[in-house]
Amino acid sequence: MHPGKSGRAFQERLGSWVLFGNQDRGVWQGDHFGNNFAFSPLACCKCMLLESKPLKMADDLDFETGDAGASATFPMQCSALRKNGFVVLKGRPCKIVEMSTSKTGKHGHAKVHLVGIDIFTGKKYEDICPSTHNMDVPNIKRNDFQLIGIQDGYLSLLQDSGEVREDLRLPEGDLGKEIEQKYDCGEEILITVLSAMTEEAAVAIKAMAK
Amino acid sequence: MFESSQNVLLKPTESWRETLLDSRVMELFFTVHRKIREDSDMAQDSLQCLAQLASLHGPIFPDEGSQVDYLAHFIEGLLNTINGIEIEDSEAVGISSIISNLITVFPRNVLTAIPNELFSSFVNCLTHLTCSFGRSAALEEVLDKDDMVYMEAYDKLLESWLTLVQDDKHFHKGFFTQHAVQVFNSYIQCHLAAPDGTRNLTANGVASREEEEISELQEDDRDQFSDQLASVGMLGRIAAEHCIPLLTSLLEERVTRLHGQLQRHQQQLLASPGSSTIDNKMLDDLYEDIHWLILVTGYLLADDTQGETPLIPPEIMEYSIKHSSEVDINTTLQILGSPGEKASSIPGYNRTDSVIRLLSAILRVSEVESRAIRADLTHLLSPQMGKDIVWFLKRWAKTYLLVDEKLYDQISLPFSTAFGADTEGSQWIIGYLLQKVISNLSVWSSEQDLANDTVQLLVTLVERRERANLVIQCENWWNLAKQFASRSPPLNFLSSPVQRTLMKALVLGGFAHMDTETKQQYWTEVLQPLQQRFLRVINQENFQQMCQQEEVKQEITATLEALCGIAEATQIDNVAILFNFLMDFLTNCIGLMEVYKNTPETVNLIIEVFVEVAHKQICYLGESKAMNLYEACLTLLQVYSKNNLGRQRIDVTAEEEQYQDLLLIMELLTNLLSKEFIDFSDTDEVFRGHEPGQAANRSVSAADVVLYGVNLILPLMSQDLLKFPTLCNQYYKLITFICEIFPEKIPQLPEDLFKSLMYSLELGMTSMSSEVCQLCLEALTPLAEQCAKAQETDSPLFLATRHFLKLVFDMLVLQKHNTEMTTAAGEAFYTLVCLHQAEYSELVETLLSSQQDPVIYQRLADAFNKLTASSTPPTLDRKQKMAFLKSLEEFMANVGGLLCVK
């Protein structure tokens with residue numbers, strides 16, 4: 001049994017209460033719960049979408065291409081951000097540590113309050129915006145490289161391709177000392193390099209599995 | 001002090017009979033109150049005395065007659081005191097306590113035995129006070145007072161009404177109807193804007209309106225005022241003849257106004273786009289009116305029951321049946337089926353079933369909302385109202401949609417025609433609700449609470465097989481499923497909890513009744529894409545290289561989220577299929593752990609999938625399936641451990657992320673252990689036919705996984721991490737479980753692990769919260785019993801328990817401690833004493849010899865003698881143990897405070 005074919009009681013009357021009766025807005029016009037009740041929700045949803053997001057449709061994903069030309073950030077509706085996820089606040093890539101909502105008046109629309117910490121500097125940033133807004137999310141990458149040398153405060157790291165990169169600074173502080181010490185002792189270690197929005201930093205080390 | 005003593009009821013012994021039953025005594029208290037009532041402090045005290053007298057019960061009454069006399073006398077005194085005076089603010093709570101005590105303490109037959117006239121004066125007075133306190137409570141809200149005395153008094157009186165009217169044995173039907181009408185009307189009036197109501201009006205009639213910032217922590221009205229609403233809903237049922245048509249007309253009128261208002265806004269927008277200086281006061285007033293009307297309607301028409309099927313309230317059923325002969329069924333269906341039209345535009349609209357018309361009034365609100373959305377007016381709508389609508393529809397659908405006629409003696413014809421099984425009406429409504437859900441999820445993805453209420457409605461539609469059968473006949477349902485599976489906008493804008501619940505609903509829908517081919521097709525469209533996409537990503541040759549690409553990471557995250565949603569859909573009758581489906585993923589997830597070892601947020605989510613699967617499914621799994629899961633969990637932990645051993649991180653979020661991993665791992669272990677307590681799988685019945693019996697060669701047990709996990713966690717735990725209260729509680733819960741369930745495994749632990757476990761227990765007993773301390777004490781008893789069983793006097797556990805004996809001894813005898821802990825401490829103490837009798841005597845000797853004061857010495861020595869007198873020599877025998885615990889109680893009462901005050 002299909003609702004569209006159901007009894008006359010449901011479809012007899014049309015149009016006595018055509019709302020917002022502006023004839024050129026065709027989407028809703030005249031769709032009573034008679035025959036056209038089963039109109040495609042998607043057709044309807046699409047027109048309601050917050051206009052075209054530059055997100056790729058999943059089926060178009062091309063996993064083969066490398067990431068040349070990949071942008072540093074991508075937009076995401078505030079409501080879809082997740083705690084533990086990332087977001088750009090005041091131009092800085094941040095990890096979201098707190099996310100809460102509020103509204104002005106009982107019938108107001110939601111606003112999202114975000115607190116994030118800069119993944120490179122540890123500085124705290126906050127922002128508040130309507131929950132329908134798009135926020136930029138940074139592309140975050142973590143890569144492990146083998147440490148093969150330290151020269152003038154720069155690390156020599158062996159890439160998967162076999163090439164060596166020497167443009168990354170030895171981190172300051174304890175981790176830097178630890179790296180130097182392990183290197184001096186001849187321990188083989190992997191270094192995790194975190195990169196986001198053209199910035200990079202060594203953030204972790206791990207002894208290589210023998 | 002005052003607060004806590006307020007609810008103590010007065011139950012004196014017989015010896016008080018002459019004093020308290022003397023009517024002059026009671027009169028004295030009333031007279032005193034009349035004299036001092038203008039002094040607010042004294043008035044509260046004297047009302048407190050009267051509230052005590054209003055709760056008099058027990059052996060003081062020789063017979064029912066004396067109780068009736070006392071009550072009649074009391075009510076007379078009360079009415080004389082209250083009637084004709086203007087009640088002071090400070091009296092409101094006291095007076096409502098008196099009334100509430102009278103109604104709760106005195107049995108109904110006593111209440112009805114007092115003279116009729118007196119009883120009706122009492123009920124009239126109650127009605128009058130309820131309405132008047134309600135109005136004052138509304139004023140308090142407008143003035144935003146800190147101390148809401150009238151609100152408290154109003155709550156008490158509404159609760160008393162609920163107690164009073166729920167008894168239909170002692171009062172004839174309709175006895176309370178007129179009173180219910182008055183209380184109901186005044187509630188509605190206080191919640192509606194002028195001119196119909198008085199909301200936001202100050203005493204002198206000035207409207208006040210403030211737009212305040214509301215945080216997500218503020219409870220929704222439907223929860224904050226649930227008690228009030230339940231009472232008002234109940235009164236509304238009693239006076240259904242009046243209340244249902246009232247709500248209908250108030251709603252219908254507001255829908256028309258809302259529609260008109262929105263239309264004007266739209267014309268304004270079209271005439272001059274961009275001029276957005278619209279005053280929303282009118283709209284907000286309408287939204288607030290509709291908000292309260294929907295809440296009251298929801299509480300009036302249906303109950304919210306946890307778990308069981310809620311029934312249509314008998315008053316509502318009777319009301320509909322009573323009028324069904326005057327009702328035109330066809331017009332009723334037409335009113336229901338045309339939410340896009342004004343009810344009054346339908347010929348014969350007055351000859352429709354009132355209950356259905358009330359429902360259809362709310363569908364009309366919903367329809368205006370939907371149309372405003374389609375006309376691009378979403379920004380003018382109230383998400384709160386949207387939330388109220390789906391909340392109502394969910395509550396309504398649970399109770400009324402596809403009524404199970406077997407559950408009722410009599411069923412209303414309009415109901416069974418409109419919402420019964422195999423009717424066009426129910427099919428239509430399901431289509432309509434589904435449409436609403438889909439529209440909401442697309443338009444309101446940014447309103448998390450609204451989206452959440454919406455998916456909850458969807459779950460309601462599919463969680464019962466009968467409804468699900470109709471849902472899956474809708475094309476929309478399939479579209480929704482396909483669209484969600486494609487992970488495209490707008491559904492992927494939804495927050496992750498909402499997406500999980502949506503996944504849960506889609507899976508539940510798959511267990512509806514379909515022919516094999518359709519079922520096949522459904523799973524091909526819902527679950528298979530998930531698997532295919534996932535496998536396509538992870539099986540690529542260069543997956544390792546591209547795993548950090550954003551698209552790949554998003555794909556992985558979405559899959560893991562979906563798996564959590566699938567696990568949430570587990571029910572006893574689908575666990576076999578879902579478990580097998582999820583198990584394939586779990587194996588792959590372990591591979592992912594390896595690939596994403598340097599990506600903490602992904603690792604965290606992978607562990608969460610395991611936590612969810614264990615949480616929802618372990619209790620249904622038979623031995624061999626459970627073992628599969630244990631093995632998977634064990635491998636997961638091994639990989640996690642390997643990847644984190646020797647890793648040093650300095651990034652700013654390292655500590656937070658590690659804390660979250662640990663918390664999840666502990667949750668996982670606790671979930672696995674929970675099978676020892678809750679197990680629905682006495683046979684492998686749900687899996688019958690799915691696997692050959694092979695449980696005999698048990699390779700991994702829960703104990704192995706859990707101990708391995710603990711082995712892994714303990715080195716990572718630090719005193720700093722234990723400062724996170726959630727983590728600390730979860731940790732101690734876990735180790736107590738282990739000691740209780742596998743005490744025999746403890747002595748076999750590696751030395752380091754054993755030591756840190758013992759240290760954790762000591763730490764928990766000495767420097768954590770009392771809750772943790774209690775857990776640790778509970779862990780000691782099984783450990784000591786284990787030692788007694790093993791009879792090894794040189795094992796590390798034996799030595800450790802000796803140390804614990806001293807700790808518990810000191811705690812009981814020398815330190816201040818929470819008395820609630822005495823039982824747990826006592827049990828542990830006794831078992832430890834049995835194990836180390838010599839050491840115990842030594843402890844006692846040392847303590848006694850350090851006493852200078854001969855009096856105290858003697859008292860202590862006697863107390864210790866008495867303590868062990870009943871259990872010499874102490875043995876691990878239940879009877880002796882109970883005797884000891886009893887003596888310990890006396891011991892504590894006797895000398896407990898003697899030594900700790902230093």
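1. A good place to start is a loop in chain B of this predicted model. B:Pro490 sits in the loop that runs between helix 23 (475–485) and helix 24 (496–509) of chain B. The peptide bond leading from B:Pro489 into B:Pro490 is cis, and its omega is near 0°. If you set up restraints or check geometry, here is the background: most peptide bonds are trans.

2. A second cis bond is found in chain B, between B:Ala194 and B:Pro195, with omega near 5°. B:Pro195 also belongs to a loop, here the one between helix 10 (177–191) and strand 1 (213–215) of chain B.

3. Chain A has a backbone feature of its own to look at. A:Asp152 is not a glycine, yet its phi is positive, at about 45°. The residue lies in the loop between strand 7 (141–151) and strand 8 (154–158) of chain A. For context, a negative phi is what most residues other than glycine have.

4. Now to the domains of chain B. The assignment splits chain B into domain 1 (514–682 + 700–716) and domain 2 (717–900). Note that domain 1 of chain B is written as two segments, 514–682 and 700–716. Taken over C-alpha atoms, the centres of domain 1 and domain 2 of chain B are separated by 39 Å.

5. How much area do domain 1 and domain 2 of chain B bury between them? The figure is about 2,100 Å², with 81% of it on carbon and sulfur atoms. The size of an interface is often given in just this way, as the accessible area lost when the parts come together. In residue terms, 22 residues of domain 1 of chain B are in contact with 21 residues of domain 2 of chain B. The rule finds 0 salt bridges across this interface, while the count of residue pairs in polar contact, both at pLDDT 80 or more, is 2.

6. Which elements supply the side of domain 1 of chain B that touches domain 2 of chain B? Helix 32 (654–673) and helix 33 (702–716) of chain B each give at least two residues to that side. Helix 33 of chain B gives the most, with 11 residues. By class, the residues on this side of domain 1 of chain B are 16 nonpolar, 2 polar and 4 charged.

7. There is also an annotation to line up with chain B. In an unreviewed entry, UniProt lists residues 714–822 of chain B as "domain: Exportin-1 C-terminal". That span is 71% helix and 0% strand, and its end C-alpha atoms lie 29 Å apart. When you compare bounds, keep in mind that domain 2 of chain B is assigned as 717–900.

8. Turning to chain A, the assignment gives domain 1 (77–138) and domain 2 (140–207). Their C-alpha centres lie 31 Å apart. The contact between them takes 8 residues from domain 1 of chain A and 9 residues from domain 2 of chain A. Together the two domains of chain A bury about 700 Å², 76% of it on carbon and sulfur atoms.

9. UniProt has an annotation for this part of chain A too: an unreviewed entry lists residues 139–206 of chain A as "domain: Translation initiation factor 5A C-terminal". The span is 18% helix and 56% strand, with 24 Å between its end C-alpha atoms.

10. How many salt bridges does the rule find across the interface of domain 1 and domain 2 of chain A? It finds 1. A:Glu199 forms a salt bridge with A:Arg92, with 2.9 Å between the closest N and O atoms. The rule also finds 2 residue pairs in polar contact across this interface, both residues at pLDDT 80 or more. Strand 2 (86–89) and strand 3 (92–104) of chain A each supply at least two residues of the side of domain 1 of chain A that touches domain 2 of chain A. The residues of that side divide into 6 nonpolar, 1 polar and 1 charged.

11. A:Arg92 deserves another look, as it also forms a salt bridge with A:Asp118, the closest N and O atoms being 2.5 Å apart. A:Arg92 lies in strand 3 of chain A and A:Asp118 in strand 4 (residues 110–118) of chain A, so this pair ties together parts that are 26 residues apart in sequence. Over all chains, the structure holds 48 salt bridges.

Technical notes: Residues numbered from 1 in each chain as written. Chains lettered and ligands numbered in written order. Predicted model: local features only at pLDDT ≥ 70, side-chain atom pairs only at ≥ 80, totals over all residues. Heavy atoms only, no water. Domains from an automatic or database assignment. Contact = heavy atoms within 4.5 Å. Buried area = accessible area lost by both parts, 1.4 Å probe. Salt bridge = Lys/Arg side-chain N within 4 Å of Asp/Glu carboxyl O. Polar contact = N/O pair within 3.5 Å; in protein donor to acceptor, adjacent residues only side chain to side chain. Helix = DSSP H or I, 4+ residues; strand = E, 2+ residues; numbered from the N terminus. Nonpolar A, V, L, I, M, F, W, Y, C, P; charged D, E, K, R; others polar. UniProt positions renumbered as here; feature names shortened; annotations may be inferred.
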